[in-house]
Amino acid sequence: RVTRGLYPSVKGHNSPRISEGVVYSGFPSGRLVALDQPDGDVIWAVDLANESTRHADIDEPVAIADGNVYAVSFNGGLYAINSLTGTIRWRQELRGATAPIVYRDQLLTTTVDGSFVSLDRTDGSITFRVQLEDRAPGRIALVGEYAIVPTTQGALYVLDAQAPAIHARFVPTSGFASVASAPGGRLIALDNRGVLHGLTLR
């Protein structure tokens, strides 16, 4: 049993990820745990709150690649953690980051202040940052070499995943709830009115 924490989650509850027989899950307390899938035994647990007592929750899914678990704590930042030992390899201070996306040798994420951020996976250094016109961006969807970023009260952005460039800004409504990629460069976006938009990237 893992303590939830004293305060409610900012974005809801974390969705556990399973990789090679290990379950990785975060909690509102700022604790990330690795559990043995067959019996639920704790392999390791690490605190990512970074001395924060409020809004330390890990409510975004982790990314797993090359022996690392990449996780975000709302106030604690973005972390790279050794998947076998739970040792923190690096931390980058990014408040309110969304679920990190592994793209080549980069990590891509967005932050609550409206930034699209690319980081070097080896050391966590920021390779570039793009400031969007709208705040509160959602989780990134990848379509080929494009990073698609919805915002909750504004536009849907099409950005270059490898360079600091905005290719398009789609504003048919007052914000988007979610976005998903489809084969053939297709994109499906659900706006806050419940309308589905089908787009093709060229």
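## The second largest pocket

In this predicted model, the residues lining the second largest pocket divide into seven nonpolar, three polar and one charged. The pocket holds about 190 Å³ of space. Its lining is made up of Ser19, Glu20, Val22, Tyr24, Ala34, Ile43, Trp44, Ile64, Gly67, Ser83 and Leu84. Two strands, β2 and β4 (42-47), each supply at least two residues of that lining.

Glu20 deserves a closer look. This lining residue is found in the loop between β1 (17-19) and β2 (22-26). Is Glu20 buried or exposed? Glu20 counts as exposed because its relative accessibility is 82%. Its backbone is worth checking too: Glu20 has a positive phi of about 50°, although it is not a glycine. For background, most residues other than glycine have a negative phi.

## The largest pocket

Now to the largest pocket, with a volume of about 320 Å³. This pocket is lined by 19 residues, and Thr98, Pro137, Gly138, Arg139 and Thr152 are the ones that lie nearest its centre. Sorted by class, the lining has 10 nonpolar, six polar and three charged residues.

Which strand gives the most to this lining? That is β17 (residues 176-182), with four residues.

## Strand β6 and its partners

Strand β6 (68-73) makes a good stop on the tour. Six of its six residues are buried, so β6 is largely enclosed by the rest of the structure. The cover extends to both faces: Asn68, Tyr70 and Val72 are buried on one side, and Val69, Ala71 and Ser73 are buried on the other.

On the β5 side, three bridges join β5 (63-65) to β6, and the two strands run antiparallel. Ala63 stands opposite Tyr70 in this pairing. The β5 and β6 hairpin has two residues between the strands, and Asp66 takes a positive phi near 55° there. Asp66 is a residue other than glycine, and at 63% relative accessibility it counts as exposed.

With β7 (residues 77-82), β6 shares six bridges, again in an antiparallel arrangement. Ser73 stands opposite Gly77 in β7, and the hairpin that joins β6 to β7 passes through three residues.

## Val72 within β6

Val72 is a useful residue to select in your viewer. It has its place in strand β6, and it counts as buried because its relative accessibility is 2%, where the cut-off for buried is under 20%. What does Val72 touch, not counting residues up to four places away in sequence? Its contacts are Asp57, Ile58, Glu60, Gly77, Leu78, Ala97, Thr98 and Pro100.

One of these contacts, Glu60, also comes with a backbone distance. The C-alpha atoms of Val72 and Glu60 are separated by 6.7 Å, while the two residues are 12 residues apart along the chain. Another contact, Thr98, is one of the residues that lie nearest the centre of the largest pocket.

## Two nonpolar cores

In soluble globular proteins, nonpolar side chains tend to be buried together. The largest nonpolar core here has 14 residues, and Leu108, Phe116, Ile140, Val149 and Leu159 have the most contacts inside it. Strands β9 (101-103), β12 (126-131), β14 (146-150) and β15 (156-160) each supply at least two residues of this core. Apart from this core lies another, of 13 residues, which include Val46, Val62, Ala71 and Ile81. Of these, Ala71 is one of the buried residues of β6.

Ile140 gives a local view of the largest core. Leaving aside its neighbours within four places in sequence, Ile140 is in contact with Ile101, Leu108, Thr109, Thr110, Phe116, Ala147, Ile148 and Val149. Among these partners, Leu108, Phe116 and Val149 are, like Ile140, listed with the most contacts inside the core.

## The β18 and β19 hairpin

The last stop is the pairing of β18 (residues 186-191) with β19 (residues 196-200), where five bridges join strands that run antiparallel. Leu190 stands opposite Leu196 in β19. The two strands form a hairpin with four residues between them. Which residue in the turn has a positive phi? It is Gly194, at about 90°.

Definitions and conventions:
Residues are numbered from 1 along each chain as its sequence is written. This is a predicted model: local features need pLDDT of at least 70, side-chain atom pairs count only at pLDDT 80 or more; totals for chains, interfaces and linings use all residues. Side-chain values use heavy atoms; hydrogens and water are left out. Buried means under 20% relative accessible area, exposed over 50%, partly exposed in between (1.4 Å probe, protein chains only). On a 1 Å grid over the protein atoms alone, a cavity is a set of points where a 1.4 Å probe fits but cannot get out, and a pocket is an open set with protein on both sides within 12 Å along at least five of seven lines; lining residues have an atom within 4 Å of a point. Grid points are joined across faces, edges and corners, and a volume is the space filled by probe spheres set on the points. Ala, Val, Leu, Ile, Met, Phe, Trp, Tyr, Cys and Pro count as nonpolar, Asp, Glu, Lys and Arg as charged, and the others, Gly among them, as polar. A nonpolar core is a set of buried Ala, Val, Leu, Ile, Met, Phe, Trp, Tyr and Cys residues joined through side-chain atoms within 4.5 Å. Contact means heavy atoms within 4.5 Å. Two strands pair if DSSP finds at least two bridges between them.
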